[in-house]
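Student: I'd like to practise reading a structure with you. Could we go through it one feature at a time?

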Amino acid sequence: MRTRLTLAAITLGTLAGSAHAQANPDYRVRARFRTAPDASWGANESVGHAEFRVHSRFGHVYYGGVVRADEFKFQVQIDYRDISGFDPEFFASPFNADYDVYINNAFVGRVFMSTEELGLAELVYDSRHPNFPDLPLPENFPDPVELFDVVSVFPATGAAPEIGAPLPAGDPMFQSELIEEFARGDANMDGKVDEDDYAILASVYDPFHLLGEHVGPMAGDFTADNLADLDDYDTLVANWTDSHDVPPEPEAVATPCAADLAQPFGTLDFSDVLAFLTAFAASAPEADLAEPIGTFDFSDVLAFLAAFGAGCP
């Protein structure tokens, strides 16, 4: 049976979400680099990545991309040191070069090979508080950077382009999309989708969309729509990794008032009357509003009319 939305229910969901959010880790998207399958040396080897590590903001992380207002580090690392035959093959290989890095059609920086260690090239931008050797985020760095944006790496030639300059002609040496480094449903990002993640979703579960935005996985949003509803539960089920069965759909933290039976929720009109009559005729739980519970009679009709007349908060 549906009950009136209460301040206590709202407070419970908010506090539970906030408590979880305090332990929220960082959000990562990464493009992985591999050498070509037909390379003359080190063929089809993993040789690094370009990665955004977004620090939690207001206890939340954000699906869908990275914006300049976030606090993040962007790192490019190209590393040949673990490839078999690194010494001496690396010296004469085409990989022994500096590199220009692009996100989609915008230059983001030049990566210099072997400045700190032979076979290693790194570039790190810190958007807020750079410490040497990290660099401040350049003014024309792409904003936003979305999931599945493409990172392209070209051997450097001539002077470094301006930040934001378009792609050069020719084929990149490496190219990869930015992909999330965790499964949807892994609210605490511990590499598992399990009871802990279910508890986080259950603490803020809002299938009637009554509590406003639920931004980030630690607020139960696994689908990037700023809600914590059935779609998020279905996502958790689809990615479940625990050995036992997934618990049933959580109870809603807040529910509409008894008379609010039809969309748009929060508005009482003739559609709610029709929804009640349909539920009453079908002996559905939505119409069972009065004692004795399990019996559908005129007392349920009177209870609905009273609730309808009182309106919703």
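Tutor: Gladly; we will go from the whole chain to helix pairs and then to one loop residue. Keep in mind that this is a predicted model.

Student: Let me begin with the overall make-up. How many helices and strands does the protein chain have?

Tutor: Counting elements gives a first outline. Here the protein chain contains 6 helices and 12 strands.

Student: And what share of the residues is buried?

Tutor: Burial is judged by relative accessible area, with under 20% counting as buried. Of the 313 residues in the protein chain, 43% are buried. For the outside, the chain exposes about 15,600 Å², and 54% of that comes from carbon and sulfur atoms.

Student: What do the contacts say about separation in sequence?

Tutor: Take the contacts between residues at least 6 apart in sequence: 64% of them join residues at least 24 apart.

Student: Now helix packing. At what angle do H3 and H4 pack?

Tutor: For a helix pair, look at the angle and the distance between axes. Helix H3 (residues 195–203) packs on helix H4 (residues 230–238) at about 175 degrees, and their axes are 11 Å apart. Angles over 145 degrees count as roughly antiparallel, so H3 is roughly antiparallel to H4. H3 brings Asp 197, Tyr 198 and Leu 201 to the contact, while H4 brings Asp 232, Tyr 233 and Leu 236. By type, the residues of this contact are 4 nonpolar, 2 charged and no polar.

Student: How do the axes of H5 and H6 cross?

Tutor: Read this pair in the same steps. The axes of helix H5 (residues 270–281) and helix H6 (residues 298–310) come within 12 Å, crossing at roughly 160 degrees. H5 and H6 are therefore roughly antiparallel to each other.

Student: Is the crossing of H5 and H6 left-handed or right-handed?

Tutor: Right-handed. On the H5 side, Asp 272, Val 273, Phe 276 and Phe 280 take part, meeting Asp 300, Val 301, Phe 304 and Phe 308 of H6. The residues of the H5 contact with H6 comprise 6 nonpolar and 2 charged, with no polar ones.

Student: Last, a single residue. Where is Ser 40 found?

Tutor: Begin with the elements on either side. Ser 40 lies in the loop between strand E1 (27–34) and strand E2 (46–54).

Student: Is Ser 40 buried or exposed?

Tutor: A residue counts as exposed over 50%; Ser 40 has a relative accessible area of 75%, so Ser 40 is exposed. You can also compare sequence with space: Ser 40 and Pro 94 are 54 residues apart along the chain, with 9.3 Å between their C-alpha atoms.

Methods: Residues numbered from 1 in each chain as written. Predicted model: local features only at pLDDT ≥ 70, side-chain atom pairs only at ≥ 80, totals over all residues. Heavy atoms only, no water. Axes fitted to C-alpha atoms, helices over the stretch in contact; angles between N-to-C directions. Helix = DSSP H or I, 4+ residues; strand = E, 2+ residues; numbered from the N terminus. Parallel < 35°, antiparallel > 145°, perpendicular 65-115°, else oblique. Left-handed = near helix turned anticlockwise from the far one by under 90°. Contact = heavy atoms within 4.5 Å. Nonpolar A, V, L, I, M, F, W, Y, C, P; charged D, E, K, R; others polar. Buried < 20%, exposed > 50% of the residue type's maximum accessible area, 1.4 Å probe, protein only. Areas by Shrake-Rupley, 256 points an atom, 1.4 Å probe, with all protein chains shown as cover.
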